[in-house]
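Colleague: Got a minute to walk me through this one? I'd like to start with the strands and then move on to the rest.
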Amino acid sequence: MLTLVAACLLATRAPEPCDGGHCHGDLPPRVEAIVDHAWAEWQAQQAEKPVQQTPFQITPQHKKDLDADAELGKKYAEIVDKELKPTEHAEFQERLDRISAEIVTIANSKRVEVSWGDGRLNPFKYTFKVVKGDEVNAFSLPGGYIYFFDGLMKYVETDHELAGVIAHEISHASFRHIATLQRERSKVQAFTIPLILISLFAGGGSGADVAAGAQLFEQAVGSGWSERAELAADWGAVQYLVESPYDPTGILTFMERLARDERLGPNYVLGILRTHPPSRERAVRMTARMGQLNIPVRRSVATTSFRVVVKEVDGGASLKFNNVVLVTLAGEDAVARGKVAAATLNDFFDRVPALFDVRAAGGRVEGYRRPLLELSPVDAALAGVSREELANTTVRQIQRGIYSLAYRVWDY
Ligand SMILES: [Zn+2]
């Protein structure tokens with residue numbers, strides 16, 4: 001997430017100033033050949049597409065800027081590839097390749113609103129790599145070289161959340177944030193880079209080292225830019241995700257869970273997020289932006305923890321939310337009734353209700369004064385209580401779920 005910092009740390013190792021984005025230096029000819037090949041490949045892909053939203057004409061200057069990013073990124077990728085080992089989980093790499101390909105197609109063809117960075121349509125030939133390490137982290141080098149740690153791949157609950165992080169990292173590359181920073185702050189070039197690189201990688205890229213490097217870097221270039229970059233990437237991600245099969249809520253729930261785990265204690269490994277906890281403002285802004293686009297916030301889709309799941313158990317079916325059993329239904333049709341109730345309950349939880357929005361009314365549970373769940377005499381018999389008592393217990397369990405949800409959503 002907040003790893004533009006890491007990207008910048010690497011970017012500052014540029015051996016020569018890159019005024020206007022021309023960084024040819026003493027690059028081996030094969031790099032230019034690779035970039036040209038990628039470019040030709042991209043153009044061929046575009047030609048195959050039947051409909052283009054807008055005719056995309058690239059100027060020679062624009063092509064130079066894109067080439068400069070690709071060359072710079074390739075150089076840093078070579079350094080990173082020496083320091084970080086590829087994952088041993090082939091399934092992580094396959095999952096990342098599959099989802100990132102979908103988001104890349106969108107980012108390379110759709111122009112979006114860019115609140116900070118280069119607002120042109122900047123297509124790149126992207127490569128995504130999963131690398132060893134427990135950090136819940138990912139980072140983006142210029143030109144589309146993007147890295148995800150094992151820790152992040154394990155941390156995402158759904159493809160929606162992974163798509164959210166992918167779209168965020170793509171936005172950093174696509175909005176050319178490193179080039180923008182270099183243009184805005186020339187002193188970045190002069191900063192003592194090797195020191196930071198050592199702190200980044202000497203310990204095998206542990207969270208503490210990355211955090212120390214990030215702090216140094218932030219002090220050197222001043223504050224403010226990274227927040228603008230993060231907000232721009234968050235907003236870019238939402239805009240890409242609405243065009244994709246994935247629910248944009250994924251990036252929000254990912255951020256909310258990171259914020260919660262950050263609070264759990266200093267020993268929790270979150271890499272660079274130690275120095276840059278996801279701010280309440282960031283999540284609030286994202287929720288507001290989603291509202292502007294009429295995108296419903298559906299945590300039941302984007303997560304597994306905030307989704308009511310039906311599980312077949314002895315004598316019936318239990319409904320669980322965030323590892324709490326809300327109620328166990330009984331009878332032959334328990335699973336079918338459970339599925340209907342789960343859909344209604346998910347809509348209810350997605351609205352982040354207050355504790356008093358759920359109540360018992362006879363043998364039934366109501367949310368916002370509408371039926372949420374009808375309990376049968378068979379359900380009551382299985383629990384060994386009356387229908388009214390079972391409804392009261394169920395309400396208390398739903399309130400526990402609301403509490404855990406509200407705690408996650410509002411208390412950053
Ligand atoms: Zn970021």
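Modeller: Sure, and keep in mind that this is a predicted model. Let's begin with β7 (residues 358–361) and β8, which pair in the antiparallel sense over 4 bridges.

Colleague: What sits in the turn between β7 and β8?

Modeller: They make a hairpin with 2 residues between them, and glycine 362 in that turn has a positive phi of about 65 degrees. As for the pairing itself, alanine 361 has arginine 364 in β8 as its bridge partner.

Colleague: And which strand does β8 join through 4 bridges besides that?

Modeller: That would be β9 (residues 370–374), running antiparallel to β8. Valine 365 stands opposite leucine 373 in β9, and arginine 364 has glutamate 374 as its bridge partner there.

Colleague: Which residue has a positive phi in the hairpin of β8 and β9?

Modeller: Tyrosine 368, with a phi near 50 degrees; this hairpin has 2 residues between the strands.

Colleague: So what's the strand order in that sheet, and which strands are at the edges?

Modeller: The order is β7-β8-β9, an open sheet of 3 strands with antiparallel pairing. β7 and β9 are the edge strands: each has a single partner strand, so one side of each lacks a neighbour in the sheet. From one strand to the next, the twist averages 35 degrees.

Colleague: Which side chains of β8 are buried, and which are not?

Modeller: They alternate along the strand (residues 364–367): Val365 and Gly367 point to one face and are buried. Arg364 and Glu366 point to the other face and are not buried. That's in line with the general pattern that side chains in a regular strand alternate between the two faces of the sheet.

Colleague: OK, switching topic. What's the order in the sheet that has β4, β5 and β6?

Modeller: β4-β5-β6, again 3 strands in an open sheet with antiparallel pairing. β4 (309–313) and β6 (324–330) each have a single partner strand and stand at the edges, so one side of each is left without a neighbour in the sheet. The twist here averages 25 degrees from one strand to the next.

Colleague: How many bridges join β4 to β5?

Modeller: 5, with β5 covering residues 316–321 and the two strands running antiparallel. Among the partners, valine 309 is bridged to lysine 320 in β5.

Colleague: Which helix packs on that sheet?

Modeller: α14 (residues 334–350), which touches β4, β5 and β6. Its direction makes about 15 degrees with that of β5.

Colleague: Now the core. Which residues have the most contacts inside the largest one?

Modeller: Ile103, Phe148, Leu152, Ala167 and Ile170, in a nonpolar core of 59 residues. Helix α10 (residues 225–241) gives the most to this core, with 8 residues. There's also a second, separate core of 28 residues, including Val310, Phe321, Ala341 and Leu390.

Colleague: What is alanine 167 in contact with, leaving aside neighbours within four places in sequence?

Modeller: Ile103, Ala237, Tyr240, Leu241 and Ile251.

Colleague: Last thing: which loop holds asparagine 294, and is that residue buried or exposed?

Modeller: Asparagine 294 lies in the loop between α12 (280–292) and α13 (299–302). It counts as exposed, because it has 7 C-beta neighbours inside 10 Å. Its phi is positive, about 60 degrees, although it is not a glycine.

Colleague: And where is valine 352?

Modeller: In the loop between α14 and β7. Valine 352 isn't a glycine either, yet has a positive phi of about 45 degrees. With 16 other C-beta atoms within 10 Å, valine 352 is partly exposed.

Technical notes:
Residues are numbered from 1 along each chain as its sequence is written. This is a predicted model: local features need pLDDT of at least 70, side-chain atom pairs count only at pLDDT 80 or more; totals for chains, interfaces and linings use all residues. A nonpolar core is a set of buried Ala, Val, Leu, Ile, Met, Phe, Trp, Tyr and Cys residues joined through C-beta atoms within 7 Å. A residue is buried if 20 or more other C-beta atoms lie within 10 Å of its own, exposed if 12 or fewer, and partly exposed in between; C-beta atoms are placed from the backbone. Two residues are in contact if their C-beta atoms, placed from the backbone, lie within 7 Å. Two strands pair if DSSP finds at least two bridges between them. Axes are lines fitted to C-alpha atoms, for helices over the stretch in contact, and angles run from 0 to 180 degrees between N-to-C directions.
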